[in-house]
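Subject: Handing over the structure, with notes

Dear colleague,

I am passing on the structure we spoke about, and below it you will find my notes on what was found. Please read them with the structure open beside you.

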Amino acid sequence: MTTQNKEYWLAKQQSISLQNKAFINGEFVEAQNGTTYDTINPATGELLTATAACSEQDVNTAVAAARRTFDSGIWADKAPSERKAVMKKLAALIMENHEELALLESLNVGKPVQDAMNIDIPGSAGCFEWYAEAVDKMYGEVAPTDGNNIATITREPVGVVAAVVPWNFPLDIAAWKLAPALISGNSVILKPAEQSPLTALKLAELAQQAGIPDGVLNVVTGHGHIVGKALGLHQDVDCLAFTGSTRVGKMFMAYSAESNMKQVWPETGGKSPNLIFADCDLDAAVEHAAMGIFFNQGEVCSANSRILIERSIKDQFVEKFLAKAGSMKVGDPLDSDTQVGALIDINHAGNVRECIRKANDEGATMLTGGAGDTATAVVEPTIFDDVSPQMSIAKDEVFGPVAALITFDSEAEAVAIANDSVYGLAASLWTTNLNRAHRVAKKLKAGTVSVNTMDALDFSTPFGGFKQSGFGRDLSLHAFDKFTQLKTTWIKLG
């Protein structure tokens, strides 16, 4: 694990320049209407830069560049081994620039710089590396026809892909979309969240250095209701991959219906349950429960925000959980000891504080935390007890460091409470009983169930949800299903 002190990062901040222009057809360009918007450091409130506020006109230019490069075959027609070499070089460049990227991520979104340094940036590079290594190991099929016919089934790139990504893991989730899309031969328009454009623009610079042809990767900055909507409605975008809220995911599906029926792959909200049975390793369950809700300031779509505890161990769990939450350092993201930084902006912090107020009003018992200094974007780890499944704090996605504790008396009750949600992104369960682990995992309606761990994730396994958590799957070989289309070629022999 790499550790640098605050003084080191402040000095490094002075040595880097912040790119603030969109990247279209191989060039960094101002928005065509000349407008910008402020990009703010949420931890300090300071202005970082004024970023190009692109419009539908810029989207049209980027899509045209992507279509032109795709149709030319300059990238799509390269041998998989050639695209692989470029993508591996991009992965290497990410790691060569990992300190700058980590600092950009921390300054831009308020997360602890050590988390960005040790988790986000290596994870992004690893994702490009993994898909680069996977592409030349994917084979087509030959159908079992009679001897007078040959039918081959091959994968082809879908064409022009729009990738709309959130602000909680800007570079990481961009890599989840871009790596399989690009290695498959597509041309891509990346739309970072308006709050977090900095690492996306740096990535565009590195991609060009790695050898990705101009126009194959474009980054269009700006507001979601303008740029995102224009991509969603565009007649020449073949596929749109999205990570974000359920509300916006539904909007993209509607845009598809209104335009060209483009494929839309949403990975959306979550209210993930963490089931803690009496026969668990309690210390391990407490440690992971804290990470499951407080890591990344709780700004994680799969955050284990509903903690279900068997009644017989409830008091023991609460005592240890409070101690763990109280030991976590909250504050300056550039401090190497900080574990909980700032939320993305003061507006989102206000939304989290409103959820806290509502939980108090509905009768939940706040054991620690609270609104804190409302002039800042920092919210301390907050824990509510005496939560019923009907309360808003047990149903609504807070997207902040707020845990809801719910008591259960039986396995059946725990499963019923866990599944009582419109979401189904992830779930965790803690037990030393192997039979129970299998039995309960099968009953939980979630895309990923982690047993005796938390939010288990790997490039080799798909990530996505059930119900209103969407149906898109990032990671693993299954991600190729989003960015390729199957072609049957039938040959009648003489």
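In which sense do β14 and strand β15 pair, and over how many bridges? In this model, which is predicted, the two strands run antiparallel to each other and are joined over 3 bridges. One of the residues involved is Thr368, whose bridge partner in β15 is Ile383. As general background, strands of a sheet pair through backbone hydrogen bonds, and they may do so in a parallel or an antiparallel way.

This pair belongs to an open sheet of 7 strands, whose order is β14-β15-β16-β13-β12-β18-β19 and whose pairing is mixed. At its edges lie β14 (365-368) and β19 (448-451), each of which pairs on one side only. If direction is ignored, neighbouring strands of the sheet are turned by 25° against each other on average.

Two helices that touch this sheet are worth finding on your screen. Helix α11 (residues 314-327) lies across β12, β13, β14, β15 and β16, and runs at about 170° to β16. Helix α14 (residues 411-419) also packs on the sheet, where it touches β12, β13 and β16, and its direction makes about 145° with that of β16.

Elsewhere, two helices pack against each other, namely α3 (residues 80-96) and α6 (residues 170-183), with their axes 10 Å apart and at an angle of about 155°. Because angles over 145 degrees count as roughly antiparallel, α3 is described as roughly antiparallel to α6. On the α3 side the contact involves Arg83, Lys84 and Met87, which meet Leu178, Ala179, Leu182 and Ile183 in α6. Sorted by character, the residues of this contact are 5 nonpolar, no polar and 2 charged.

As for the cysteines, the structure holds 0 disulfides. For Cys239, which is in no disulfide, the nearest cysteine sulfur is that of Cys127, 16 Å away; Cys239 counts as buried because its relative accessibility is 0%. Cys301 is likewise in no disulfide, and its nearest cysteine sulfur, again that of Cys127, is 15 Å away. Cys301 has a relative accessible area of 10%, so this residue is buried.

Finally, please look at Asn218, which is placed in strand β9 (residues 217-219). Is Asn218 buried or exposed? With a relative accessible area of 0%, Asn218 is buried. Leaving aside residues up to four places away in sequence, Asn218 touches several residues, among them Phe23, Asn25, Ala62, Val188 and Leu190.

With best wishes

Methods
Residues are numbered from 1 along each chain as its sequence is written. This is a predicted model: local features need pLDDT of at least 70, side-chain atom pairs count only at pLDDT 80 or more; totals for chains, interfaces and linings use all residues. Side-chain values use heavy atoms; hydrogens and water are left out. Axes are lines fitted to C-alpha atoms, for helices over the stretch in contact, and angles run from 0 to 180 degrees between N-to-C directions. Helices (H or I, at least four residues) and strands (E, at least two) are DSSP runs, numbered from the N terminus. Angles under 35 degrees count as roughly parallel, over 145 as roughly antiparallel, 65 to 115 as roughly perpendicular and the rest as oblique. Contact means heavy atoms within 4.5 Å. Ala, Val, Leu, Ile, Met, Phe, Trp, Tyr, Cys and Pro count as nonpolar, Asp, Glu, Lys and Arg as charged, and the others, Gly among them, as polar. A disulfide is a pair of cysteine sulfur atoms within 2.5 Å. Buried means under 20% relative accessible area, exposed over 50%, partly exposed in between (1.4 Å probe, protein chains only). Two strands pair if DSSP finds at least two bridges between them.
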